[in-house]
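Work through these exercises with the structure open. Try each task before reading its solution.

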Amino acid sequence: MTVIELTGVERTFDSQPPVRALREVNLTVRRGEHLSIVGPSGSGKSTLLNTLGLLDRSTAGSYRLDGVETTGLGDRERTALRGSRIGFVFQAFHLLPYRTVDENVMLAEAYRRPRPGRGRGSRLARAREALERVGLGHRSGFRPDRLSGGERQRVAIARALISDPALLLCDEPTGNLDSENTLSVLELFDDLCAQGMTLVLITHDEAVSRRAGLRVRITDGSLALETS
Amino acid sequence: MKRAAKPVREARGERPWMDPRDLWTEALAGVLARPVRSALTTLGTVLGITTLVITIGVATTAGNQIVGRFDALTATSVTVTVPAAPPGGDTGPLVGWSGTDAVRRLAGVESAAALADSAATDAVQVRSNDVKAPGDTSGQSLAVVAASADLATAVRGTVTAGRFYDAGDVARHSQVAVLGDQAAQLLGIHRVEDAPAVFFRGQSYTVIGILGGIQREQRLSTAVMLPPTTAADRLGLRDVTRVLVNTVLGAAKQVARQAPIALAPGHEDALTVLAPVDLSKARSGVQNDVNGLFLVLGLVSLVVGAIGIANVTLVTVMERVGEIGLRRALGASRRQVAGQFLLESTTIGLLGGIVGAALGIAVVVCVAAVKEWTPVLDLRLALGAPLAGALVGLVAGLYPSLRAARMEPVDALRAPS
C-alpha cells in the first residue's frame with residue numbers, strides 16, 4: 001500500500017525570472033517506510049514538504065496521498081485531508097504557549113470529525129496515551145515553557161500521533177535541538193518506525209538523514225535516490 | 001482510471017469539521033490567554049454600554065417618578081370654568097346650579113359641586129362677634145363664595161366641626177355659613193355648638209360648620225361658604241363660575257369631554273375644562289428630554305469600543321500568525337480560523353456588555369436610592385445590553401478574522417508560534 005505517490009510533480013514560482021523549485025519529481029513511499037529527504041537550503045526541500053503536506057499546490061503532475069488523488073481538490077477538501085491523514089512535526093515545534101501539553105496534543109483532534117471509538121469524551125485519555133508513547137507521561141498538565149526543547153518536540157510528535165495519521169511529516173525536527181535531545185527524538189522516530197508508522201523527514205543534517213531506511217537527496221528541485 | 005475514481009469521490013466528501021464546543025473552548029482559551037489585554041479591550045464597550053444603560057435606566061426611573069406625582073387625586077380631578085355671562089344678555093347664566101345633577105349622572109363621575117365667586121367678594125371684611133377691643137373692628141379679609149351643598153365631598157374635605165349646610169338650608173335660604181378651617185382660625189372660631197356668628201356687608205350669618213382637610217380648591221380653606229340661594233339673595237352672587245368634578249380612575253379624559261355638554265348644552269365651547277394631562281404622554285416626554293444627548297454619548301462610546309476591539313484583535317491575529325499556520329496544518333479551514341477569532345472578539349464584546357450592564361444597573365439603583373425614587377428597570381434593557389456588546393464585538397472582529405482567514409498556511413507557518 002503506497003502512502004505517497006508523486007508522479008512528474010512540478011512547482012514553478014511566478015517570479016521574475018520564474019523559479020522551478022521542483023522538477024519532474026517522482027517519489028513513492030510505502031506504508032511503514034522511513035524516508036529522509038536531505039539537501040542544502042534553497043534546494044527545494046521546503047517546497048517539497050509543503051507539497052507533500054498539502055500546504056501548497058504543485059504546478060503540474062499528480063500527487064496521490066493514501067490512495068486519494070489530491071491534484072484536483074479544492075481548498076476545503078485539501079484542508080480536511082491534511083487534518084485527517086498527515087501529522088506535522090515542525091522545527092519550531094509550534095506549540096501554543098498558553099495551553100497545557102495535554103491541550104496542545106488534543107488540539108489535533110479539534111478539526112476532524114470524530115471517528116468511531118475516538119469521541120470527544122475519550123480525547124484526554126488518548127492525549128495522555130500519546131504523551132506516554134513519546135515518554136512524556138510525567139509532563140501531563142505542564143505548560144510548554146517549562147519543558148526542554150527535546151521535550152517540546154516530543155509533545156509536538158505526540159500531537160501528530162494522536163490522530164493516528166497515515167503519514168508523519170517532519171520538517172527539520174531536530175534543527176532547534178542540542179545533540180542530546182536530538183538523539184532522544186531520533187530514537188523516538190526509530191521506535192515509531194518499528195511500530196509501523198510511515199515517516200518522511202526533511203533535513204539538511206546528514207547524521208539525521210543516515211538513520212532513515214530510505215534516503216533521497218534533493219538538488220535544485222530534482223530528486224536522486226541515495227544508497228548507503 | 002476506475003480504481004482512482006472511488007477514492008477521489010471519498011475525498012470530495014470530506015469537509016473540515018468542528019464541534020461547536022471545541023470552537024468555544026479554543027476561543028475562550030484565546031481570550032483568557034491574555035487576560036489583562038482582554039480586560040482592557042473590553043473597557044470601551046463597558047463604557048458605552050454603561051452609559052446607555054444609565055441613560056435609559058435613569059430616564060425610565062425619572063419618568064416613572066414624575067408620572068408618579070400625578071397621583072390619584074390629580075388623575076381624577078376635572079374642573080370646568082364658566083365664563084361670566086355677557087352683560088345685558090337675556091340668555092341667563094350659562095350654567096345653572098342644577099347643572100351638577102346632569103354631570104353627576106355621567107358615567108365615571110363620583111361627585112360634583114358648583115361654586116360661585118366674583119371679584120367683588122374676593123376680599124370681604126369679615127369679623128366674628130367676639131370683638132374684644134373697641135375700635136378694633138377691622139376683622140379679616142376673606143373670600144366669600146357660594147357653593148352647592150355637596151361641596152365637602154367634591155373638595156375631598158372633612159367637616160371638622162358642626163355640619164355642612166344641606167338641601168333644606170338651601171331651600172329655606174337659611175342665613176348660615178360654613179368656614180374653611182383657616183378662616184375659622186383667623187376669626188377665632190373653634191367650635192360651633194354655641195352658634196357663633198360672622199358679620200360682613202352689614203349682615204350676620206350663623207356659623208354651622210367648619211370644613212377642613214380640603215384637597216381641591218385649597219383657597220377655600222380661607223373662605224366663607226354660603227348656600228347659593230342665600231348668597232344670591234344677600235350678595236348678588238348668582239352665577240356659577242366653577243364646577244368641580246371627581247371621577248373614578250381612568251374616566252377623567254372622557255368626563256372632561258362630556259361635562260361641558262352636560263352643563264351647558266349648546267354652549268359647551270364657551271366653557272374651559274381643566275383635565276389631567278395624558279400620563280403616557282408625560283412619561284415619554286420626560287424620557288425624550290433626558291435621552292437624546294446621552295444616547296448619542298453612549299453610542300459614540302460604543303463605536304470607540306468597537307474600534308478598540310478591532311484594533312486589539314488585529315494585533316492579536318498578527319501575533320498569532322504561527323498559531324494560525326499550525327491550526328491550518330492541523331486541518332482547520334479558513335472558515336474555522338475566522339470563526340475562532342470572530343468568537344473571541346464577540347466574547348470580549350459580550351463580557352464588556354455584561355460588565356457594562358451590571359455597572360449601569362448599579363448606578364441607576366444608586367441614583368434612585370439617593371433621590372428616593374423607585375428604580376425602574378426594563379428587562380429588555382438588562383438582557384439587551386450584553387447582546388448589544390456582543391454585537392459590537394462581532395462587528396469589530398469581522399476585519400481581523402478575515403485577515404486571519406486569508407493567510408496562506410505556508411506563509412503563516414514560517415512565523416514563530
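**Exercise 1. Find the residue that stands opposite Thr79(B) in strand 10 of chain B.**

Solution. This is a predicted model. Start with the two strands. Strand 1 of chain B covers residues 77–81, and strand 10 of chain B covers residues 242–247. They run antiparallel, joined by five bridges. Now locate Thr79(B): the residue facing it in strand 10 of chain B is Leu244(B).

Next, turn to strand 11 of chain B, residues 272–274. Strand 1 of chain B pairs with strand 11 as well, through three bridges, again antiparallel. Here Thr79(B) has Leu274(B) as its bridge partner.

**Exercise 2. Give the strand order of the open sheet in chain A, and explain why strand 2 and strand 5 are each left with one side without a neighbour.**

Solution. Four strands make up the sheet, in the order 2-1-4-5, with antiparallel pairing. Strand 2 (19–30) and strand 5 (68–69) of chain A are at the edges. Each has a single partner strand, so one side of each lacks a neighbour in the sheet.

Look at one pairing. Strand 1 of chain A (residues 2–13) is linked to strand 2 of chain A by eight bridges. Within this pair, Ile4(A) faces Val29(A).

Then add the helix. Helix 1 of chain A (residues 45–52) lies across strand 1, strand 2 and strand 4 (60–65) of chain A. Its angle to strand 2 of chain A is about 55°.

**Exercise 3. Identify the residues that touch the most other members of the largest nonpolar core.**

Solution. The core has 110 residues. Val105(A), Ala158(A), Leu169(A) and Val200(A) touch the most other members. Helix 13 of chain B (residues 334–371) contributes the most to this core, with twelve residues.

A separate core of 61 residues lies apart from it, including Ala116(B) and Ile214(B).

Return to Ala158(A). Setting aside neighbours within four places in sequence, its contacts include Val105(A), Ala130(A) and Arg133(A).

**Exercise 4. Describe the side of chain A that touches chain B.**

Solution. Count the contacts: 31 residues of chain A meet 30 residues of chain B. Strand 5 and helix 2 (75–85) of chain A each supply at least two residues of that side. Helix 2 of chain A gives the most, with eight residues. By type, the side of chain A has 15 nonpolar, seven polar and nine charged residues.

**Exercise 5. State the mean pLDDT of chain A and the elements with the lowest and highest values.**

Solution. The chain A mean is 90, and 100% of its residues reach 70 or more. Among its elements, helix 7 (residues 206–210) has the lowest mean, 87. Helix 3 (residues 101–106) has the highest, 95.

Terms used
Residues numbered from 1 in each chain as written. Chains lettered and ligands numbered in written order. Predicted model: local features only at pLDDT ≥ 70, side-chain atom pairs only at ≥ 80, totals over all residues. Pairing = 2+ DSSP bridges. Core = buried A, V, L, I, M, F, W, Y, C linked by C-beta atoms within 7 Å. Buried ≥ 20, exposed ≤ 12 C-beta atoms within 10 Å, placed from the backbone. Contact = placed C-beta atoms within 7 Å. Axes fitted to C-alpha atoms, helices over the stretch in contact; angles between N-to-C directions. pLDDT = per-residue confidence, 0-100. Nonpolar A, V, L, I, M, F, W, Y, C, P; charged D, E, K, R; others polar.
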